[in-house]
Amino acid sequence: MADHEATAHHHEHHHEDPQAHATRRAILQAAIGVSAGAAVLSTLWVGAGLVPREEKIPSKEPVAVGDVLVFATGPKAEQEITLDDLRAAQRERIPFIIAFPKSPENVVKKDLITNTIMVILADPAKMSPETRQHASPEGVLAYSAICKHLGCTVSLWQNDTWLCPCHGGRYDIYNQAKVVGGPVPAPVPQLPVKVEGGKVVVAGEFLGKPGADV
Amino acid sequence: MYQWLDDRLSIGKLYAKAFRKAFPVHHSFFLGEITLFSFVTLVLTGIFLTLNYEPSIRPVSGSLSGGQEVPAAYYSILYIDSLPFGAVIRSLHHWAAHIMIAAAFLHMLRIHLTGAYKNPRELNWIVGVFLLVLAIITAFTGYALPFDNYALTATKIGYEIGAAAPWVGKLLSDILFAGELSPTNTQTIPRLFPIHVLWLPLALIALIGVHLTIMIKQKHTQPKYAEKVAPGKIVGVPLFPQQAAMMGILFLVYIAVTTFIAGAFLAHPVQAFGPPTANTPAVKPDWYFMWIYGILQIIPANWRFEFLGATFGPQFWGGILVPTVIILGALAIPFLDYSKEKQRYLELPSQHPFRTSFVVGMLMFYIMSTLAGYKVDLGLSNGLLWVLVFIVPIVTGVVCYIIMKAIYGKDWNREPEIKLIGKGSAADD
């Protein structure tokens, strides 16, 4: 009896209306397409969660006017840089100091890479007029320390030029960090500074965009 | 016992089918196996490392850091180094990665020089190229894990090179490193860790499986001598027991030698670099990245333009374009140099002067761009390095071609002289 039924069913299927068959196929195909599309979209939706979330915290704020420069590294880390410190550095192999800005609320803004700053005491007579304009009268000069090439901290000094250890980029600190060697596509921006009570204080925004130029 | 297992698993059939696979006997055929041994070593040492490593940069302090507050990842490396043989195992992990990439590269050279990538083995060549690239990426994702100043700086350069890819680079770099790579980004290590120890190794295992399956299915290309010994037949020793015995011995020798190297030359002493700071030490990449590092240094700074919101600067030319062109070139090789007939036997490099000269030229390019990595140290000028990196390899290739033509040119189409006892033909002279 079951056999009989199956045969009958098969028979019926065979003589089905071709129109109904095509409609059913179209509906099924549309359903498969919609499901596949929804699956792809929801995967992308979930995948978008891999993009890191930007957190707003005080230590990640960009450098601002009125910030005081503090040591970024070394035994004096997070202490305010004084004119005496800069004078002492002048006699070293590396004549500059790597600094972070500290806000008036005493937050060291060290969690934003582009807040890494190079500060040096240099002879104002050697500076170009534009450079001197944003330096302090004593000759305190500051630049973004993040190389425009691939984002290393420019940390070396050779033949009176500022040298990046990663790919040999060279900057002329007396002339708005003009690139004088290596593959660096642009100068690092200068940071206007002044000296107040022996401390180095930020006097203006970066004169360009800090960070690797990629 | 054997009968019991055979009843259930048909070991006899498996033996007849798989374990009798013929392996040609030639020392250059062991390069792929050395690559595989390195991978096994990396997995084994990696298991030890993962069990002791803490993928976090929360600040911790303890006796190992002299009471100084350091990132937990960094501290756990100090801890691993303090375990019995811990430093040796970590060093072995480091050296095995170097050897794996070197052996894979040499294996690829052997395939290239003997034309083994030709029909029908194009597919396995492509899988092989992806395996090498994937191995290098896997090695790179492990760089940052010790979280010392050197490791972080080297990884930062990779982050920015990734970001130099037009349009999507920054997004992809941010996804891989969970945001900008910095000494204080707490999400980076928890993201890199599973990628390095789980997902990329799984991808490698899958690709290695495909590579070996295709190799077994298609059989090895036969060395040239096989054509003389037994034309039209597969010559070699069976996987079991002969080849397995050789592999076992080679693996033990491999472990012995690499462990000795690892112990004698302890790799990457994190204490010497210290935890990450805002300052950048002078870093040099590992040798397999040194050529990119060299090219990055000689690309002129003013080669830069913007197009539809994307920047095409020196970082793009050196860090993205050159490696991409070389990878695409490698993938194209079996389609540029193909044979209609199925390739049964390896070709002699001496009979293919153009291909051999091309490989020699490429090797010279690799050596010269590596030399460019020492531009600042050696005080080399950009003009000289451009000649060395882009002209010298071409000259080398041409000279190599001329020399090969002069030496092998006369009997161009003659078979290599392999005289077999009892088969010498009088018609030869």
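**Stop 1: helices 6 and 9 of chain B**

Select residues 122-143 of chain B, which form helix 6, together with residues 188-218 of chain B, which form helix 9. How do these two helices run relative to each other, and at what angle do they pack? In this predicted model, the axes make an angle of about 160° and lie 9 Å apart. Angles over 145 degrees count as roughly antiparallel, so helix 6 of chain B and helix 9 of chain B belong to that class. Turn the view until one helix sits in front of the other, and you can follow a left-handed crossing of helix 6 of chain B past helix 9 of chain B. Now colour the contact between helix 6 and helix 9 of chain B by residue class: 18 residues are nonpolar, eight are polar and none is charged.

**Stop 2: helices 7 and 8 of chain B**

Next, pick helix 7 and helix 8 of chain B, whose axes cross at roughly 145° and come within 7 Å. Show side chains for Tyr159(B), Gly162(B) and Ala163(B), the residues that helix 7 of chain B brings to this contact. From helix 8 of chain B, add Gly169(B), Lys170(B), Leu172(B), Ser173(B), Leu176(B) and Phe177(B). By class, the contact of helix 7 with helix 8 of chain B holds five nonpolar residues, three polar and one charged.

**Stop 3: where chain B meets chain A**

Keep helix 7 on screen and bring in the other chain. How many residues of each chain take part in the contact between chain A and chain B? Chain B contributes 34 residues and chain A contributes 29. On the chain B side, at least two residues each come from helix 7 (149-163), helix 8 (169-177), helix 13 (287-298), helix 14 (314-336) and helix 16 (375-378). Which helix of chain B gives the most to this side? That is helix 7 of chain B, with six residues. The chain B side of the interface is made up of 16 nonpolar, twelve polar and six charged residues.

**Stop 4: chain B as a whole**

Zoom out and hide chain A for a moment. Chain B carries 17 helices and six strands, and its C-alpha trace spans about 80 × 70 × 45 Å along the principal axes. Of the 429 residues in chain B, 34% are buried. If you draw a contact map for chain B, consider the contacts between residues at least 6 apart in sequence: 77% of them join residues at least 24 apart.

Colour chain B by domain, with domain 1 at 19-347 and domain 2 at 348-415. The C-alpha centres of these two domains of chain B are 25 Å apart. Across their boundary, 16 residues of domain 1 of chain B are in contact with 18 residues of domain 2 of chain B. On the domain 1 side, helix 5 (86-113) and helix 13 of chain B each supply at least two residues. Helix 13 of chain B has the largest share of that side, seven residues. The domain 1 side has seven nonpolar, five polar and four charged residues.

**Stop 5: backbone oddities**

Most residues other than glycine have a negative phi, and most peptide bonds are trans. Here are some exceptions to click on.

- Asn119(B) and Pro120(B) are joined by a cis peptide bond with omega of about 10°. Look for Pro120(B) in the loop between helix 5 and helix 6 of chain B.
- Phe240(B) to Pro241(B) is also a cis peptide bond, with omega near 5°. Pro241(B) sits in helix 11 (residues 239-264) of chain B.
- Asn159(A), not a glycine, has a positive phi of about 50°. Find Asn159(A) in the loop between strand 5 (156-158) and strand 6 (161-163) of chain A. Asn159(A) is exposed, because 8 other C-beta atoms lie within 10 Å.
- Ala177(A), not a glycine either, has a positive phi of about 55°. Ala177(A) lies between strand 7 (170-172) and strand 8 (178-181) of chain A, in the loop. With 26 other C-beta atoms within 10 Å, Ala177(A) is buried.

**Stop 6: chain A and Val195(A)**

Finish on chain A, which is divided into domain 1 (2-50) and domain 2 (59-202). The C-alpha centres of these domains of chain A lie 67 Å apart. Select Val195(A), in strand 9 (residues 193-196) of chain A. Val195(A) has 19 C-beta neighbours inside 10 Å and therefore counts as partly exposed. Beyond its neighbours within four places in sequence, Val195(A) is in contact with Leu83(A), Ser136(A), Glu138(A), Val140(A) and Val200(A).

Terms used
Residues numbered from 1 in each chain as written. Chains lettered and ligands numbered in written order. Contact = placed C-beta atoms within 7 Å. Helix = DSSP H or I, 4+ residues; strand = E, 2+ residues; numbered from the N terminus. Nonpolar A, V, L, I, M, F, W, Y, C, P; charged D, E, K, R; others polar. Domains from an automatic or database assignment. Axes fitted to C-alpha atoms, helices over the stretch in contact; angles between N-to-C directions. Parallel < 35°, antiparallel > 145°, perpendicular 65-115°, else oblique. Left-handed = near helix turned anticlockwise from the far one by under 90°. Buried ≥ 20, exposed ≤ 12 C-beta atoms within 10 Å, placed from the backbone.
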